[in-house]
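Trainee: I am new to this structure and would like to understand how the contacts of its ligand are judged. Could you take me through the reasoning step by step?

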Amino acid sequence: MQTNDFDEFRERTLKKLGIEETNSGIFAGKWLPRSGKNIYTSISPVDGKVNASVWLADRGQYEEAVNQSIKAFEEWRSIPAPRRGEIIKALGDVLAKNKKDLGALVTLEAGKTTSEGEGEIQEMIDVAYFASGLSRQLYGFTMASERPDHRLYEQWLPLGPIAVISAFNFPSSVWSWNAMVAAVCGDTVVWKPSTKASLAAVGVMKIMTEELERLGAPQIFSLVASRGSEGGEWISNDRRIPLVSFTGSTATGQKIYENVARRIGRPILELGGNNCSIVSSRADMNLALKGVAFGALATAGQRCTSTRRVVVQDDIYDEFVSRLKDIYSKVKIGNPRQEGVLVGPLIDREAVRTFTDAVREAVSQGGKLIFGGEEIKVPGLEGGNYVRPALIEAKPDMEITKRETFGPLLYLFRYRTIEEAVKIHNSVPQGLSSAIFTTDLREEEYFLSYRGSDCGLANVNTSTAGAEIGGAFGGEKETGYGRESGSDSWKAYMRRQTVTINHGRDLPLSQGVRFDV
Ligand code: NAD
């Protein structure tokens, strides 16, 4: 695809989604007009050209959005959950209709390949349908009471207007993991997208709000595109918002956590990962190579679950590394719209600097750079942010290997025994995703036992990246707190009430306590 093809693609995508040159980034029951000074210009990482602009919320508009969310909550919570589920199902349907265009917008703004951009929207559809089914399954337990003529049970009630603060790398799906599930639970949602992905949020919200209006449903979703240091602060300190679900770096998450904790609010924190794959000499090597390459290279290493470290058993290390290097040398980097391209750009200039600095630092700490690590220029897309993915032979005690570098940088380590491999695997402060490639039952079970992976996600013979929405998603240690998306994650978006009903004529007390008046 030539540069002007990309220009055409940009124009076509924006037009189809009704995105103008400048757009409101604040939805509070209606799109709000510009009032503050702040404006964000979305620049495509693909070619460095302007996509469009979004004006950002000021404090007054933030108030409007939260007030609208509180008002909508009062109506929404009174609608029976299965009916809420039908509305969320309709949102899934409308996302399905717009999958290609919304996926294209993700490509424009975040630089994802076509298949990954559309995959992101598919994730939103999947979670909408999942949530719709869930709307008939918000089960509470009934317990046997120790007192005669008493009934004891738990019920789950809507929590309130909740907030979602999302990261740039999953500009819309992370919101949906929270928003769709929270909505069937009866909550309304205030969304502060990553400033760097404000346009994708505008595109999604246009479709969501139009569909809600068509259905005659309350406007349950609000948008407050804003600078991180403003919107993030407003939300995390806002006592009217009982739950803040934050996705982003550990450093920012820490600030959010402190603010939310100070007011005894509830957090969900989905923070940085430093994910590792163990490759045993008993692995299916072809499978392991594919799994590691996908994990390290997909989304140009900008997934929270990207593979950043690989620990390979000594006797296959040389062969594995040589074949991985071969894959790296053949992988196509460039225009994410182009057929066959697997590695697109990094999000911005700062990300390129962070990546090349990390490569230099790793070498200065004793690492051996065996492939890539430099910025590259893609012909016709000179303004884009492309790098050649790096392979670095490293020692597990190198300080830099304990940090998340948000790009395609893979550290390679050797191991002899499974115990040693797991020790290296677990030797970092983060705990999001993990993988082992082996056909040995004992190794696999060791990895999955209490002695094994210390992460929230454990994979066997598949990549650290690419989770399904049906499982509970989240991490341990510095990766944060709580779970999102599938399984019983819905419980985080509701309040649990334990109910005791006395339907007798006496007042028996629990634990046999007597109080005769
Ligand atoms: P980031 O921390 O820079 O930004 C995340 C969000 O916080 C954005 O909405 C941003 O506008 C806001 N923000 C920025 N500065 C702020 C401040 N001072 N106060 C309050 N809010 C602020 O993260 P990013 O660069 O957008 O995303 C990449 C990071 O997110 C990586 O560390 C990645 O691992 C992590 N991530 C984690 C998961 C997960 O599920 N664990 C998923 C996706 C991304």
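Mentor: Let us begin with the term itself: a polar contact is a pair of N or O atoms within 3.5 Å. Please keep in mind that this is a predicted model.

Trainee: What makes the pair formed by Ser249 and the ligand a polar contact?

Mentor: A polar side-chain atom of Ser249 lies 2.6 Å from an oxygen atom of the ligand, and because the cut-off is 3.5 Å, the pair counts as a polar contact.

Trainee: How do you know that Thr252 and Gly228 make such contacts as well?

Mentor: In the side chain of Thr252, an N or O atom is 2.9 Å from a ligand oxygen, while a polar backbone atom of Gly228 is 3.1 Å from a ligand nitrogen, so both pairs fall within 3.5 Å. The ligand alone exposes 840 Å², of which the protein buries 89%.

Trainee: Why is Gly counted as polar in the shell around the ligand?

Mentor: The classes place Gly among the polar residues because it is not listed as nonpolar or charged; by these classes the shell has 11 nonpolar, 13 polar and 4 charged residues.

Key:
Residues numbered from 1 in each chain as written. Predicted model: local features only at pLDDT ≥ 70, side-chain atom pairs only at ≥ 80, totals over all residues. Heavy atoms only, no water. Polar contact = N/O pair within 3.5 Å; in protein donor to acceptor, adjacent residues only side chain to side chain. Areas by Shrake-Rupley, 256 points an atom, 1.4 Å probe, with all protein chains shown as cover.
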